[in-house]
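Reader: I should like to learn how salt bridges and helices are read from a model. May we work through some cases together?

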Amino acid sequence: MSGPSTSPPLPKDGERNILITSALPYVNNVPHLGNIIGCVLSADVYARYCRLKGYNCIYICGTDEYGTATETKALSEGCTPKEICDKYHEIHKEIYEWFNISFDKFGRTSTNSQTEIAQDIFNKIRANGYTLTQEIEQLYCEQTCKMFLADRFVEGTCPHCRFEDARGDQCDGCSKLLNPTELINPRCKVCSKPPIIKSTKHIFIDLPQLQEQVDQFVERNSKDGNWSENSIAITNTWVKGELKPRCITRDLKWGTPVPLEEFKDKVFYVWFDAPIGYISITAEYTSEWEKWWKNPENVSLVQFMGKDNVPFHTVIFPASLIGSKDNYTLLNNLSTTEFLNYETGKFSKSRNTGVFGDGAKSTGIPSEVWRFYLLNNRPESSDSIFSWDDFNFKNNELLNNFGNLVNRVLKMLNTNATFNGVVPKIGELNDVDKKLVQEVDEHLVEYFKRLEEISLREGLKIAMSISKLGNTYMQDNKPWDLSGKDNERCGQVLAILINLIKLLSTILEPYIPSLTDKVHQQLNVEPTKYSPTFDLNAIPAGHEISKEILPLVKKIEADDLKKWRTKFSGIGPEFPIDMKIATVLEVNDHPSAENLYIIKLSLGGDITKTAVSGIKANFEKSQLIGKKLAVVLNLKPSKFKGVLSEAMILVVDDGQATKDSLSFLVPSNPQSIEAGSKIAGKGMSIKPKPTIDYQKEFLHYDLTCIDKIISYNKTQLFINQNEPLVSEKIGNGKVR
């Protein structure tokens with residue numbers, strides 16, 4: 001009932017016509033849970049709500065396929081940009097289908113429609129005098145490639161943290177944004193040769209000329225469209241004061257070509273080009289696309305995105321459409337989210353940190369449970385964090401609240417010899433019945449209010465509160481005790497609950513549609529649109545429900561939770577620990593803690609670190625001075641009694657709690673190893689996470705000592721990939 005139409009709907013006079021888009025996911029990666037809740041899932045709930053309300057709407061999305069990231073991804077995988085786009089478009093499509101996302105059209109931006117519409121908008125902006133050209137300095141690969149290098153085609157040393165493989169747009173070591181010309185010792189990503197700085201001409205959209213019109217648009221639509229405070233604040237950082245010209249071209253091959261002879265070797269910059277994808281994908285969906293996109297009097301444009309995409313949708317895209325002087329439908333309602341982070345840090349596919357769409361599917365947990373969790377934790381006003389404990393809690397809430405209500409009521413109706421699966425008649429309501437109906441109706445008013453406001457998380461909470469009312473009503477009326485004693489009252493209670501379950505199946509359908517489909521099957525009824533009030537005749541007396549009543553939600557076993565926490569924690573073929581050999585220079589007693597040492601470590605050259613370590617009961621100072629041992633350098637820095645510890649000395653612990661229970665991790669041949677030498681599993685690439693939480697992450701890593709051999713995930717650790725790391729004394733134990 002809440003799924004997309006079988007044929008493209010068009011706006012109708014006198015009806016609510018809503019054009020819904022979600023931010024176009026970039027094609028060169030697999031979407032993670034934060035991406036999914038940030039745009040496509042949130043927009044899906046609203047689209048399903050609109051359809052159930054009878055509004056005339058379409059939901060448009062697709063993969064954003066042009067730009068430097070696609071070219072560099074193709075380079076790394078040894079294929080063409082189109083092959084990359086074809087591959088990842090299918091990955092995205094399969095993931096969203098599994099999550100039951102009800103796009104009217106899920107398209108892509110690498111189409112002829114995109115070229116035609118983007119070039120048309122540009123030509124009109126230019127004809128209207130809203131573009132200019134400027135010379136800018138860029139890095140140019142003169143030795144081999146003979147081309148200007150866009151930001152991601154440049155690598156070098158970060159000027160902030162000295163990470164040696166920083167990209168021209170951002171450093172993966174410290175996460176700071178960069179310009180390519182800021183890199184130390186920059187090199188071309190294609191040929192590794194050092195580039196030169198050279199001037200090149202680019203096209204800019206002249207935003208200062210559009211300032212007044214953009215200001216008016218923001219002032220009007222931010223109020224009428226109920227933009228979030230954060231969205232308004234982000235937009236105001238751009239429009240308050242003076243807008244500046246923005247470059248809209250890039251020196252690339254993979255993109256929408258600039259339709260000017262002078263710029264034939266350039267393409268449009270992705271953030272000018274990509275939002276036009278909403279229009280071109282609609283044009284791929286229906287030839288009458290202009291009835292949606294050039295009809296601001298009759299169509300409301302509602303857009304969903306993460307907060308990082310806000311200025312491009314509230315300033316750049318509207319300014320482009322305004323500058324064309326065509327009568328485009330502009331943004332009305334804006335629904336943005338903050339960030340969803342993973343419990344052990346940022347989502348990273350390369351580091352296997354966090355749950356991505358394909359990973360969610362691999363767990364075997366149904367998509368409706370993932371939807372329920374994500375929508376319960378939708379980061380509407382502040383960042384939220386995915387945790388497996390909370391995921392289990394939310395699963396149990398769905399199981400114990402809605403799942404058990406459906407299962408208990410339907411099974412009772414089927415097994416009761418008086419009713420035998422046939423819905424009884426509802427007679428005159430008593431005060432308890434009337435109270436339930438009144439409370440449900442009050443909740444429904446609030447539910448519809450919240451969904452109209454696109455407060456999706458609150459809408460779900462209200463729906464679950466209605467389910468809780470049903471559980472309370474059942475417990476208070478105890479139909480199991482009434483059976484055989486007062487069958488009329490027993491039947492009345494069950495019939496009211498059957499109709500409440502039907503109501504719940506409708507109001508929960510936008511959130512967990514595949515699960516509510518199962519409920520409708522067990523009720524043996526077709527899904528329907530919303531009823532404004534609690535309809536006690538939605539399933540009339542005499543209707544027979546299904547005989548096959550199965551549990552809707554399963555409990556998650558503790559062993560599975562542990563397995564998934566480990567699987568998605570960042571442990572993989574890459575070595576996430578910044579582990580090196582250090583030489584002990586000094587050992588001092590901690591002035592405020594009698595069991596701690598303050599140890600100064602050398603990591604080679606002039607680099608030193610301080611470690612605060614609780615090994616005082618096990619080792620004398622003389623045993624430490626000059627020793628080469630393994631340390632971890634990317635734990636979150638912590639203060640111990642006022643002294644900051646920047647490193648952690650690793651030990652093997654045999655668990656006997658004696659003076660000799662600890663052993664250092666050392667080179668098998670210390671004389672051949674220099675301080676600062678890197679440690680990793682044999683054959684593993686060293687890609688340290690920026691920070692590791694000791695309790696949540698490090699203690700879950702599979703670091704072991706067996707027969708003095710140190711291993712990570714059953715892979716032996718080596719120094720510089722050739723010298724074994726071993727336990728100095730103890731044969732077997734846990735590394736900590």
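Reader: Is D702 buried, partly exposed or exposed, and what is its relative accessibility?

Author: Please note at the outset that this is a predicted model. D702 counts as partly exposed, because its relative accessibility is 26%, and the partly exposed class lies between the cut-offs of 20% and 50%.

Reader: With which residue does the side chain of D702 meet in a salt bridge?

Author: The general idea is that side chains of opposite charge can pair when their charged atoms come close. In this case the partner of D702 is K714, at 3.8 Å from N to O. K714 sits in the loop between strand 30 (709-712) and strand 31 (715-719), and D702 in the loop between strand 28 (685-686) and strand 29 (703-706), so the salt bridge ties together parts that are 12 residues apart in sequence. K714 itself counts as exposed, because its relative accessibility is 74%.

Reader: Which parts does the pair R152 and D169 tie together?

Author: The side chains of R152 and D169 form a salt bridge of 2.9 Å, N to O. R152 belongs to the loop between strand 5 (147-148) and strand 6 (154-157), whereas D169 belongs to the loop between strand 7 (166-167) and strand 8 (184-188), so parts 17 residues apart in sequence are tied together. R152 is partly exposed at 27% relative accessibility, while D169 is buried at 16%.

Reader: How should one read a salt bridge within a helix, and where do K461 and E458 lie?

Author: An α-helix has 3.6 residues a turn, so residues three or four places apart point the same way. K461 and E458 are 3 residues apart in helix 15 (residues 456-477), which means that about one helical turn separates them. Their side chains meet in a salt bridge at 3.8 Å, N to O. K461 is partly exposed, with a relative accessible area of 39%, and E458 is also partly exposed, with 27%.

Reader: How many salt bridges does a search of the whole structure find, and which residues are linked in a network?

Author: The search finds 44 salt bridges. A network of them links D120, K124, E290, K294 and D326.

Reader: What span should helix 17 have, and how far apart are its end C-alpha atoms?

Author: One multiplies the rise of 1.5 Å by one less than the number of residues. Helix 17 (residues 487-507) has 21 residues and should therefore span 30 Å; its end C-alpha atoms are 30 Å apart, in agreement. Helix 17 is also mostly covered, with 19 of its 21 residues buried.

Note on methods
Residues are numbered from 1 along each chain as its sequence is written. This is a predicted model: local features need pLDDT of at least 70, side-chain atom pairs count only at pLDDT 80 or more; totals for chains, interfaces and linings use all residues. Side-chain values use heavy atoms; hydrogens and water are left out. Helices (H or I, at least four residues) and strands (E, at least two) are DSSP runs, numbered from the N terminus. Buried means under 20% relative accessible area, exposed over 50%, partly exposed in between (1.4 Å probe, protein chains only). A salt bridge is a side-chain nitrogen of Lys or Arg within 4 Å of a carboxyl oxygen of Asp or Glu.
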